[in-house]
Amino acid sequence: MPPPPTTPAPPPAGARERPLHVVQVLSDAGAEPGGHVRSLAAGLVARGVRVTVCAPPAAGPAREFAGAGAHFASLPVRRRARALAVLRSVSAPADVMHAHGLGAGLLAALALRGRDGVALVVTWHARARLVGVPAPAVRLLERRVVRAARVVLGATSELVDRARRHGARDARLAPVALPAAGDGPVGAPGDGEAATVAHVLSVYDELRAP
C-alpha cells in the first residue's frame with residue numbers, strides 16, 4: 001500500500017518566497033527627503049529588501065545610494081516622458097513603488113496607471129508648494145495623487161488629515177526621522193529612523209500580502 005501523501009512543511013515565520021522589491025522615488029533634491037530615503041534604503045536592504053532609488057542626480061550622488069546597498073536610476077524629472085519610461089522600466093518586477101512628495105507622487109501615479117501589480121505608497125514630508133502653480137491647482141494634484149495611492153503616509157497629523165480630506169483610501173501617521181550624524185555607514189539609520197524603517201516595512205508587507 002503506498003504511503004499517504006504528505007504536505008510540505010510551511011516556510012519559517014517571516015520567510016519570503018523572493019525578496020520584496022521596492023522602488024523609492026524622489027523628484028527633487030531636498031535635503032530632508034533625500035536623507036530620509038538614503039537611510040530608509042539602507043535599513044530596508046539590511047532587512048533583505050531589494051531597493052531601487054529613482055531620483056535626480058542632484059538628490060545625492062549615486063554612490064551614496066549604492067553605499068546604502070540600493071540600485072540607483074537617474075530620473076530626468078524635467079523630461080516627463082523619459083521619467084515615466086524610467087519608472088515603468090524599473091518597476092516592472094517591483095512589488096511597491098514609494099514616492100516622496102507631491103511631484104514624485106504624481107510621476108509615480110502616472111507611471112503605474114493601468115498596472116495593478118505594483119502598490120503605490122506616497123509619503124508627504126511637508127505641505128506641497130509648487131513654484132508658479134496656483135493653490136487650487138496644487139489641491140487638484142494632491143487629490144489626484146492621494147486617490148491613486150494605496151497608502152498615504154504623513155509626517156504630521158495635519159498632513160494625514162489633509163490627505164483624508166482629499167479622499168485618500170488609507171492615510172496614516174508616519175513621522176520621518178532623519179539619519180543620525182556620525183561616522184557610521186553612509187545612510188545608516190539611527191534609532192529613530194530604525195523605528196521608521198520597521199513601520200514602513202510593515203506597510204509594504206501588508207500591501208504585498210495576498
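Two residues are in contact when heavy atoms of theirs lie within 4.5 Å of each other. With that in hand, let us look around this predicted model. Among contacts between residues at least 6 apart in sequence, 60% join residues at least 24 apart.

A word on how to read the legends: residues are numbered from 1 along each chain as its sequence is written, and side-chain values use heavy atoms, leaving out hydrogens and water. Local features need pLDDT of at least 70 and side-chain atom pairs count only at pLDDT 80 or more, while totals for chains, interfaces and linings use all residues.

**View 1. The whole chain has seven helices and seven strands.** Helices (H or I, at least four residues) and strands (E, at least two) are DSSP runs, numbered from the N terminus. Along the sequence they follow the pattern β-α-β-α-β-α-β-α-β-α-β-α-β-α. Of the 210 residues, 46% count as buried, a word that stands for under 20% relative accessible area (1.4 Å probe, protein chains only).

**View 2. Strand 1 (residues 21–26) is largely enclosed by the rest of the structure.** Six of its six residues are buried. In a regular strand the side chains alternate between the two faces of the sheet. Here, His-21, Val-23 and Val-25 point one way, while Val-22, Gln-24 and Leu-26 point the other way.

**View 3. Strand 1 pairs with strand 2 and with strand 4.** Two strands pair if DSSP finds at least two bridges between them. Strand 1 and strand 2 (residues 50–55) run parallel and are joined by five bridges; in strand 2, Thr-52 is the bridge partner of Val-23. Strand 4 (residues 96–100) also pairs with strand 1 in the parallel sense, over five bridges, and there Val-96 is the bridge partner of Val-22.

**View 4. Met-97 sits in strand 4.** With 0% relative accessibility, Met-97 counts as buried. Its C-alpha atom is separated by 5.8 Å from that of Val-22, although the two residues are 75 residues apart along the chain. Leaving aside residues up to four places away in sequence, Met-97 touches, among others, Val-23 and Val-25, Leu-87 and Ala-108.

**View 5. Helix 3 (residues 80–91) packs against helix 4 (residues 102–111).** Two packed helices are described by the angle between their axes and the distance between the axes. Axes are lines fitted to C-alpha atoms, for helices over the stretch in contact, and angles run from 0 to 180 degrees between N-to-C directions. For this pair the angle is about 65 degrees and the axes are 9 Å apart, so the helices are roughly perpendicular (65 to 115 degrees). Arg-80, Ala-83, Leu-84, Leu-87 and Arg-88 of helix 3 make the contact with Leu-106, Leu-107, Ala-108, Leu-110 and Ala-111 of helix 4. By class, this contact has eight nonpolar, no polar and two charged residues. Ala, Val, Leu, Ile, Met, Phe, Trp, Tyr, Cys and Pro count as nonpolar, Asp, Glu, Lys and Arg as charged, and the others, Gly among them, as polar.

**View 6. Helix 4 also packs against helix 5 (residues 135–148).** The angle is about 55 degrees, with the axes 9 Å apart. That makes helix 4 oblique to helix 5, the term for angles that are not under 35, over 145 or from 65 to 115 degrees. On the helix 4 side, Leu-102, Gly-105, Leu-106, Ala-109 and Leu-110 take part. They meet Val-138, Leu-141, Glu-142, Arg-144, Val-145 and Ala-148 in helix 5. By class, the contact has eight nonpolar, one polar and two charged residues.

Conventions. Buried < 20%, exposed > 50% of the residue type's maximum accessible area, 1.4 Å probe, protein only.
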